[in-house]
Amino acid sequence: MRVGLVTDSTAQLTLPERNRLTVVTGGLFRIVPLTVLINGIAHTDGELAPSVLCHQLSDRAEVTTSMATPAQFAAAFQELIDDGAEAIIVVTISGELSGTRDSAVTAAADVPVLVEVVDSRTTSAGLAGAVSVAAAGIAAGESVSSVTGTVADWCASETVTIFAPETLEYLRRGGRIGAASSLLGRALQIVPVLGLKSGVVVPIARVRTRGKALQRMSAIAAETAADLAVEPAELQAEIQQSEGLTDDRDVIELDQLLTSRGFTTSFRTLSPIITAHVGPGALGVSVQTTP
C-alpha cells in the first residue's frame, strides 16, 4: 500500500529534511502551512523572515495567527491521491495549541481513502521528530495503524520540550499560556522555564536570571536522559530560538551547557507561528530519542 504523509508548517522542516521525507515516502509528502497576520496582512508560515517578525513584535505591531484550514488539508489530500496514495497519515501541531488538527480531521471525513490524523501534542522539533518516526514506519512497510500508534507513543514518552521566553506577554496575548498563567503575577521577579505536557504549556521552574534558566534547561535535558535510561549522546538535543541566531550569546551558552553533559546538539529556528506566541528572544531545547 502506498501511504502519503502530511504535516503542518510549525515543524519548520529544513530543506534537507523536506527532501529526505519526499524521497522516503516516494514523493507522497506534503506540508500544509498556517498563517501569520501582521497588522491584518497575511503571511504564509515559513515564508516570513524571523528577524522581520521579531522586529514587528518588538514594535508592538498587531500580530495574530490563523490555523491551517480544512480546505488546505483537502487540497493536500487530493494531490496525494492523484499521485497514487492509497492511505494518508497526518501528524499535526498539538490540538491544545492550534485548531489545525481539527481542520485535518474535518477534511479527512470527505476523502475516499483512509486518513489517520495524529495529534503530536507538541510542535517545532518535537513535531519534526514525530514526522520522521512516521516516515520511518511508512518506509518499513508497516500498517497505517501500526505507524500511527508508534508515533503517538513516541510523542507521549520520547520527546521533551523546555523553553524560556523573555516575557510571558506574548503567550498571554495569544491565549496559549495554559497552566503557566500562575506565573503572570510574578513575571517581573522571575525568569520562567516552561514546557509542553500533553500538548499544553506548563510551568517547570522559576529562576532569577536568564543564565540560571539556561542551566535549568540543560539539567532537565540530563534528567530526561536518565528517565529514558540512555546516555545523552544517544539522544537528539535540538536548540530552538526565535531569531535563529546560532551566534547569539544565550544560544552559545546553552549549547555549551548541553555538550558538557554529553549531548550532541543541533539547531532549529522556530516557525513564525510559534514565534508569534512566544515572542522575540525565546529559547528552548527539545530532547528526543532518534526517530
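Me: Two strands pair if DSSP finds at least two bridges between them. In this predicted model, what is the order of the strands in the open sheet of 3 strands?

Reply: β3 and β4 run antiparallel and are joined by 4 bridges. β3 and β5 also pair in the antiparallel sense, over 4 bridges. The sheet is open with antiparallel pairing, and its order is β4-β3-β5.

Me: Which are the edge strands of this sheet?

Reply: The order of the sheet is β4-β3-β5. An edge strand pairs on one side only, and this holds for two elements, residues 41–44 and residues 63–66. The edge strands are therefore β4 and β5.

Me: By how many degrees are neighbouring strands of the β4-β3-β5 sheet turned against each other on average?

Reply: The pairing in this sheet is antiparallel. With direction ignored, the average turn between neighbouring strands is 30°.

Me: Which residue in the hairpin of β3 and β4 takes a positive phi?

Reply: In the register of these strands, Thr 35 stands opposite Thr 44, and Val 36 is opposite His 43. The hairpin has 2 residues between the strands. The positive phi, near 50°, belongs to Asn 39.

Me: Which residue in β5 is the bridge partner of Ile 38?

Reply: Strand β3 covers residues 35–38, and β3 pairs with β5 over 4 bridges. The bridge partner of Ile 38 in β5 is Val 63.

Me: What is the order of the open sheet of 6 strands?

Reply: β11 (residues 235–241) and β12 (residues 264–269) run parallel, joined by 6 bridges. β11 and β13 (residues 283–289) run antiparallel, joined by 7 bridges. The pairing in the sheet is mixed, and the order is β10-β9-β8-β13-β11-β12.

Me: Which strands are the edge strands of the 6-stranded sheet, and what is the average turn between neighbouring strands?

Reply: Two strands in this sheet pair on one side only: β10 (200–207) and β12. Between neighbouring strands, with direction ignored, the average turn is 25°.

Me: Which residues stand opposite Ile 239 in β12 and Glu 238 in β13?

Reply: The two partner strands of β11 differ in sense: β12 runs parallel to β11, whereas β13 runs antiparallel to β11. In β12, Ile 239 has Phe 267 as its bridge partner. In β13, the residue opposite Glu 238 is Ser 286.

Me: Is the β-α-β crossover from β11 to β12 left-handed or right-handed?

Reply: Strands β11 and β12 are parallel. The chain passes between them through helix α9 (residues 249–260). The hand of this crossover is right-handed.

Me: Are α1 and α5 roughly parallel or roughly antiparallel to each other?

Reply: The axes of α1 (residues 15–24) and α5 (residues 124–139) come within 9 Å and cross at roughly 25°. Angles under 35 degrees count as roughly parallel. The two helices are therefore roughly parallel.

Me: Which residues of α5 make the contact with α1?

Reply: α1 passes α5 in a left-handed crossing. From α1 the contact takes Arg 20, Leu 21 and Val 24. By class, the contact of α1 with α5 has 5 nonpolar, 1 polar and 1 charged residues. The residues on the α5 side are Val 131, Ser 132, Ala 135 and Ala 139.

Me: Is α5 roughly parallel or roughly antiparallel to α6?

Reply: α5 and α6 (residues 144–157) pack at about 150°, with their axes 9 Å apart. The limit is 145 degrees, and angles over it count as roughly antiparallel. The pair is therefore roughly antiparallel.

Me: How many nonpolar residues does the contact of α5 with α6 have?

Reply: The crossing of these helices is right-handed. On the α5 side, the contact residues include Gly 126, Gly 129 and Gly 137, and on the α6 side they include Val 147, Val 151 and Trp 154. The contact has 4 polar and no charged residues, and the nonpolar count is 8.

Me: What is α3 to α4, oblique or roughly parallel?

Reply: The axes of α3 (residues 70–82) and α4 (residues 100–108) come within 8 Å and cross at roughly 55°. Roughly parallel needs an angle under 35 degrees, and roughly perpendicular needs 65 to 115. This makes α3 to α4 oblique.

Me: Which residues in α3 meet α4?

Reply: α3 passes α4 in a right-handed crossing. By class, their contact has 7 nonpolar, 3 polar and no charged residues. α4 brings Thr 100, Ser 103, Ala 104, Thr 106, Ala 107 and Ala 108, and these meet, in α3, Pro 70, Phe 73, Ala 74 and Phe 77.

Definitions and conventions
Residues are numbered from 1 along each chain as its sequence is written. This is a predicted model: local features need pLDDT of at least 70, side-chain atom pairs count only at pLDDT 80 or more; totals for chains, interfaces and linings use all residues. Side-chain values use heavy atoms; hydrogens and water are left out. Axes are lines fitted to C-alpha atoms, for helices over the stretch in contact, and angles run from 0 to 180 degrees between N-to-C directions. A crossing is left-handed if the near helix is turned anticlockwise from the far one by less than a right angle, and right-handed if clockwise. Contact means heavy atoms within 4.5 Å. Ala, Val, Leu, Ile, Met, Phe, Trp, Tyr, Cys and Pro count as nonpolar, Asp, Glu, Lys and Arg as charged, and the others, Gly among them, as polar. A crossover is right-handed if, with the strands pointing away from the viewer, the path from the first strand over the helix to the second runs clockwise.
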